[in-house]
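This report looks at the pockets of one protein model, with attention to the residues and secondary-structure elements that line them.

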Amino acid sequence: MYRLQNRKKPLVENGFYYPRRWLGNLVVRLGADWRDVDCRGTWDNLLLNDKGLHFFTESAWHPPFDVLRLIKKVYPGLEIYFSAEGDDWDSYLTNDAEGRFYPTRYAFDLPSDIEYCDTIEEVAEKLSDFIGHPIEPTKEAVFAAAEEWDENEERIDDSINLKEFEVVSLDEV
């Protein structure tokens, strides 16, 4: 991946904004045909250290799970952990059930910012601060408080959009 992103020209000509970091280049380097693998998107923030290889991908419509499955096929001993989120496809997913690498379990949009939290207690605390009254730290209470605030908010563009990361396996997606 370092070699691919540092080439003068992309391995495969493409129309992506970062053509050398297009996932199709990685697919070809791994020995597959980019036309047979859903590889729409690019990678960024490549980091290799003694704990593993880390990178961020950005793609349209859905995460590049086909690329991750190809990496796993080429390197079967590799453990792959991911966290994927996207408002456009309304999914928040991770396969890190223990939260070793991706402890975030909740994301919520407030009118002014997006917040990420590892526990429902954190969500309840931050939402309580925003709303201005205490909220019981349960999923039901937090979701109900967000819905109640939305119903009573006069500014139509302001809402609280609360999402929970679903734990799935790479084989399920």
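How do the residues of the lining of the second largest pocket divide into nonpolar, polar and charged? In this predicted model, that lining is made up of 6 nonpolar, 3 polar and 4 charged residues. The second largest pocket holds about 170 Å³ of space, and among the 13 residues that line it, Tyr17, Tyr18, Gly41, Thr42 and Glu58 are the ones that lie nearest its centre. Two elements, E1 and E2, each give two or more residues to this lining, and E1 gives the most, with 3 residues.

The largest pocket has about 1400 Å³ of space and a lining of 44 residues, of which Phe55, Phe56, Leu68, Tyr81 and Tyr102 lie nearest the centre. Its lining draws at least two residues from each of helix H1 (2-6), helix H2 (23-29), strand E1 (42-49), strand E2 (52-58), helix H3 (65-74) and strand E3 (83-86), and the largest share, 7 residues, comes from E2. By class, the lining of the largest pocket contains 27 nonpolar, 8 polar and 9 charged residues.

The table sets out the two linings by class.

| Pocket | Nonpolar | Polar | Charged |
|---|---|---|---|
| Largest pocket | 27 residues | 8 residues | 9 residues |
| Second largest pocket | 6 residues | 3 residues | 4 residues |

Strands E1 and E2 thus appear in both accounts: each supplies at least two residues to the lining of the largest pocket, and each gives two or more to the lining of the second largest pocket.

Definitions and conventions:
Residues are numbered from 1 along each chain as its sequence is written. This is a predicted model: local features need pLDDT of at least 70, side-chain atom pairs count only at pLDDT 80 or more; totals for chains, interfaces and linings use all residues. Side-chain values use heavy atoms; hydrogens and water are left out. On a 1 Å grid over the protein atoms alone, a cavity is a set of points where a 1.4 Å probe fits but cannot get out, and a pocket is an open set with protein on both sides within 12 Å along at least five of seven lines; lining residues have an atom within 4 Å of a point. Grid points are joined across faces, edges and corners, and a volume is the space filled by probe spheres set on the points. Helices (H or I, at least four residues) and strands (E, at least two) are DSSP runs, numbered from the N terminus. Ala, Val, Leu, Ile, Met, Phe, Trp, Tyr, Cys and Pro count as nonpolar, Asp, Glu, Lys and Arg as charged, and the others, Gly among them, as polar.
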